[in-house]
Amino acid sequence: MEEKIEDVLKEYPITFTGKKRIRGAILLEAENGIYTLTGYSDSVRNLLFQEAVKARLMEQGCRAVDKGIPNEKGEMLTRDGQGNRMLLRQWFPGRECSLRDRNDVNQATKHLAYLHGLLCDFSFASGEEDAACGRHEDEMLENTLQKRKMEMKHAYNYIRKKKKKNDMEMCILQQFQHFFEQAQEAEEYLEKLDLKKLNQTKKDRGSVCHGSYNYHNVIFGEKYIFTTNFQNAQIGLQINDLYDFLRKTMEKNSWNTKLGLMQLEAYQKQRPLQKEEAELLYVLLLFPEKFWKQINFYYNGKKSWMSGKNYEKLLKIASQEEDRRKFLQAAKGLLI
């Protein structure tokens, strides 16, 4: 393994002085900075798009991004002795964002709004547009929510017909009606929104979303916030980034209303939401995604045994629901 890594590193005009393994990568020290080396399995087309996004951010002053480094042949990917494609990226020292730290959450939310501002009205240089082709969101959101609602219903019907039910199945039955009504309400709100306008605006303006904006990918350095892992970046609805980050923060903090409202206010001070974006954010928050994930995992897995871990997650969802309901009520006043 070490020999293969060394063979890859020889392809770069960089003097590396040290290396160590970190989660999912090899951290490399060099005379001119820090880098990471990872395997790459996605298409070259998508890699070109990611690098185009990062290049635009850097052009506008956001230089702390994990840009890819070409080898001596000018290629972004280098193959090791077994033919695996490897990607070298610039890296920066720092620590991951802590969702338990109010200041971290506030700064990371502002940073997301800052990124979205830079990646709005995104235009492509010659050749970059082809790399982005096919990255548009094709599946309509209403179809997604409807599909997930039906998956919840199928699982419920299956459990209800069983003669013997374990504790997890009983827990699902007890919670089902409440969360199914939320899914229906979210779907009804969604039908009133002009999603075609939102999607067309997204395409016309070339709005890019990060696609994986979570605490693992937000690194706090001494003088900057370093944004990493743009593998899922695409031309899309930027509100999805805010929803993903906000929901994860709320789940980690028992749906603390003050913290959630702080995030919404922090984002809007940097980048005010359009009316349709705000309404869509509320719809996404209202849909019981965590419950759907657990019930769908159960239905598509082995039903002959009870997963203790998933049972604990269901119990936690139930225990947090009153706080989640209070937050949704407060958020609705700001968004709808």
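Contact means heavy atoms within 4.5 Å. The model is predicted: local features need pLDDT of at least 70, side-chain atom pairs count only at pLDDT 80 or more, and totals for chains, interfaces and linings use all residues. Residues are numbered from 1 along each chain as its sequence is written, and side-chain values use heavy atoms, leaving out hydrogens and water.

**Exercise 1.** Place T38 and list what T38 touches.

Solution. Start with the strand: T38 sits in β3, residues 33-39. Strands are DSSP runs of E, at least two residues; helices are runs of H or I, at least four; both are numbered from the N terminus. Next, burial: T38 has a relative accessible area of 12% and is buried. The cut-offs are under 20% for buried, over 50% for exposed, and partly exposed in between (1.4 Å probe, protein chains only). Finally, leaving out residues up to four places away in sequence, T38 contacts G24, A25, R85, M86, L87 and R89.

**Exercise 2.** Work out the strand order of the open sheet of 3 strands.

Solution. The order is β6-β8-β9, paired antiparallel. Pairing requires at least two DSSP bridges between two strands. β6 (95-96) and β9 (225-227) are the edges; each has a single partner strand, so one side of each lacks a neighbour in the sheet. Now take β8, residues 218-220: 3 bridges join β8 to β9. One of them pairs V218 with T227.

**Exercise 3.** Describe the largest nonpolar core.

Solution. A nonpolar core is a set of buried Ala, Val, Leu, Ile, Met, Phe, Trp, Tyr and Cys residues joined through side-chain atoms within 4.5 Å. The largest has 75 residues, and M152, L280, L281 and L335 have the most contacts inside it. Helix α6 (167-192) gives the largest share, 10 residues. Another core, of 14 residues, lies apart and includes L9, I14, Y35 and I69.
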